[in-house]
Every structure is written in C-alpha cells, then in structure tokens.
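Please look over the sequence and the model before reading on. The paragraphs below move from the whole chain to a single residue.

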Amino acid sequence: MAFLLRRPFTLASALKQTPKTASTVRTFHNAPLKSAPGSFFTSRPSLANSNNVFRNTFRRTYMQSSPAVQTGDLKQRLIYGAGIFGGTLLAINLVFNRETREDGGMPTYERSYLNETFMHTGLGLGIIGIAARALHMNGWSYRLMAANPWAVLGIGLVGSIGTMYGARATAPENYVQKYALWGAFNVTQAALLSPLLFLQPALLARAGLYTVGMMGSIAFVGATAKQEKYLYLGGPLLAGVAIVALSGLAPMVVPATAARTLMWTENIWLYGGLAVFGGFTLYDVQKVLHHARLAERGLIKRDAVNESISLELDFINIFIRMVQILGMQQNRRK
C-alpha cells in the first residue's frame, strides 16, 4: 500500500525541479572569411585557394567543437560512489546492528528464500525499467503528461491496486496467473514512471546508484541483525506513511500564499519519506526472514513474488525522492 500514498503530481514536480539540457548548434563558419587583397583583375579567387579556404574552415570548426575526453572522471566517480556505499554501510551497521544474530549465522533455508526474493525484486525492477523505456520511446510519456492528472491518478491507482492484490491473492502453485498479474503490476508501475525519462540520464543514474546503495546497506543490516528485532517497526512506519501522505496532499488544500507551510510539507514528503521507506526496507527484509522460518515449519507457503512486491515499492518511493532531491541541488548550483 506504500504506492497509494505517493504524491499525485510527483513526476510533474520532479520534472520542474530539473534543468533542461541545452541544445548544441554546430556551424560551419566561426568567423567570416577574410577577403584577399587584389586588383580589379584579380578579384575572382582561384580554384586552389577556394579549396584551401574550405578545407581550413571545415577542419577548424570540428576541431574546436569536439570536447576533450576526461579519462580520470569516470574513475573518480566510481571511487566516489564506492566510498559513499562503503561509508553508508559501515555507519548503518554501527548504529542499527550492534546486536547481531546469536544462532550461528543465517540458516540455509533463510538464505535461499532471501536470495530468491532479491532475485524477483531485481527482475521486477528490470521489467519496470525496460517497459518504461519502451513506452517513453513510443510517445506514451507525452500523452500521459497531457492527460487529466486526476484521471491518471485514478486509473493508475486502480491498476496498481488491482494487479498487486491479485498477485498477492493468487496461490504460488498457480504459476501462470501469479506471474501474469505480477508482470501486469510491473508494467503499470512503468507506465506511471515513464515521464521520468524526460530528465537527464546522468541524474537518473545517480539517483539509481544512491537508491541501490541505501537499500543495499539497510538490507544487509536487516539480514544480519537479531531475529525479529525490527518487526515492531510495522506500526510506527504505518503512522509515518500516513504523515508523509498528508504532506504530499497538502498542496491540494493549502493555498499558494502559505509558502512557508508548503515548504515544510515538501521537506516532510521528501526527507521524511526517505526515512520512512528506508525503515520499510529494514522491516521488509526482516519480514522475509520471518516468513522463511514460518515456511520451514509448514505454517505458510513460500512466496517470493509477494515478498518482492514490497521491496519494489520501497525502491520506487526512494528512487523518486532521490531524483527530486538531486534535481533541486542542480537548480541551487545555477
């Protein structure tokens, strides 16, 4: 139910926060050609001189317009990203994981169920990315942005809720129906997220990298912590989602003149949402391990598809906020 509380006009506001890419115009002449001095009888240039002028102009233009390749920039970014991921992992592990498991490590059945859940989560996010790219290339994003936002919100919620609950209610033995509904759920999310591809690819890549680093660090803490240590977070996180949802709906009821109030609600939706869905990631990972123990006892059935849906929603909500935060930072630098 986390996506129900998503801000209705999130994609539009994120697109406004991000600067547009400047178009580059190439010209064949950077400066007017100098007229060669000559008399009345030599005013017409020769063929050899014309060829030399054209050749020099062509060479000068394209040598100046080609940017220099920075070989060390990619290496520096990789080192920077690895440092952020390692530092985040160490900090979260020290703060939240002071008490590790005392049962001799993760059993085999828990590890296999967790790996299966992560595999389905990655597969679902891959389907969302590929489907969003295909829809965007076919012009779906333009039609979606031009449509009535209330109609988009209503149809999107109905499609997401229907496919999600249909996939959850389907028994794991019914592979065809379950995976069909799960695929429909991923395609629905892709249709709603495709307008994000209007943004710069570098910004989306950075947001994805930060989201993977944040969720990976929190998932590691949840997997190595004591059993059922963070399962109590379900109630507080649900209350936090309600607050984040109300802050996301505030622009619909708060007048535009209350700028300070709108600023506070925006910060609650952004940074409070990051904290809430980061907590949901920790809770969902521990819930996967708890369900693995119940399935081992025969109390419930193993269902990695249902577990992956929760982690996909956590990733989507964190990713959207990362995109908007990075877009706001780029605007401040200008």
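**From the whole chain to one buried residue**

Of the 334 residues in the protein, 39% are buried. The model is a predicted one. The accessible surface amounts to about 19,600 Å², and carbon and sulfur atoms account for 66% of that area.

Which kinds of secondary structure does the protein have? It has 11 helices and zero strands. Followed along the sequence, the pattern is therefore written as α-α-α-α-α-α-α-α-α-α-α. Among the contacts with a separation of 6 or more, 89% join residues that are 24 or more positions apart.

An annotation can be set beside this picture. The unreviewed UniProt entry gives "transmembrane region" for residues 78–96, 117–135, 147–167, 179–198, 204–223, 230–256 and 268–285. Two of these spans may be examined in the model. Residues 147–167 are 90% helix and 0% strand, with 28 Å between the end C-alpha atoms. Residues 268–285 are 100% helix and 0% strand, and the end C-alpha atoms of that span are 25 Å apart.

The next topic is the nonpolar interior. The largest nonpolar core contains 38 residues, and those with the most contacts inside it are L196, F280, I318, F319 and V323. Two or more residues of this core come from each of the elements α4 (108–137), α7 (175–193), α8 (201–224), α9 (234–253), α10 (259–296) and α11 (304–333). Helix α11 gives the largest share of the core, 10 residues. Another core, of 11 residues, lies apart from the largest one; its members include Y113, A219, A292 and A304.

One residue of the largest core, F280, leads to the final topic. Leaving aside residues up to four places away in sequence, F280 touches L237, L238, V241 and D314. The last of these contacts, D314, is found in helix α11.

Is D314 buried or exposed? D314 is buried, yet it has no salt bridge. The nearest side chain of opposite charge is that of K287, 7.9 Å away. A salt bridge requires a side-chain nitrogen of Lys or Arg within 4 Å of a carboxyl oxygen of Asp or Glu, so K287 and D314 do not form one. Which residues, then, does D314 touch? Again leaving aside residues up to four places away in sequence, D314 touches M215, F277, F280, T281 and D284.

Key:
Residues are numbered from 1 along each chain as its sequence is written. This is a predicted model: local features need pLDDT of at least 70, side-chain atom pairs count only at pLDDT 80 or more; totals for chains, interfaces and linings use all residues. Side-chain values use heavy atoms; hydrogens and water are left out. Helices (H or I, at least four residues) and strands (E, at least two) are DSSP runs, numbered from the N terminus. Buried means under 20% relative accessible area, exposed over 50%, partly exposed in between (1.4 Å probe, protein chains only). Contact means heavy atoms within 4.5 Å. Accessible areas come from the Shrake-Rupley method with a 1.4 Å probe; for residues, only the protein chains shown count as cover. UniProt positions are given in the numbering used here, feature names are shortened, and annotations may be inferred rather than shown by experiment. A nonpolar core is a set of buried Ala, Val, Leu, Ile, Met, Phe, Trp, Tyr and Cys residues joined through side-chain atoms within 4.5 Å. Lys and Arg count as positive and Asp and Glu as negative; His and the chain ends are not counted.
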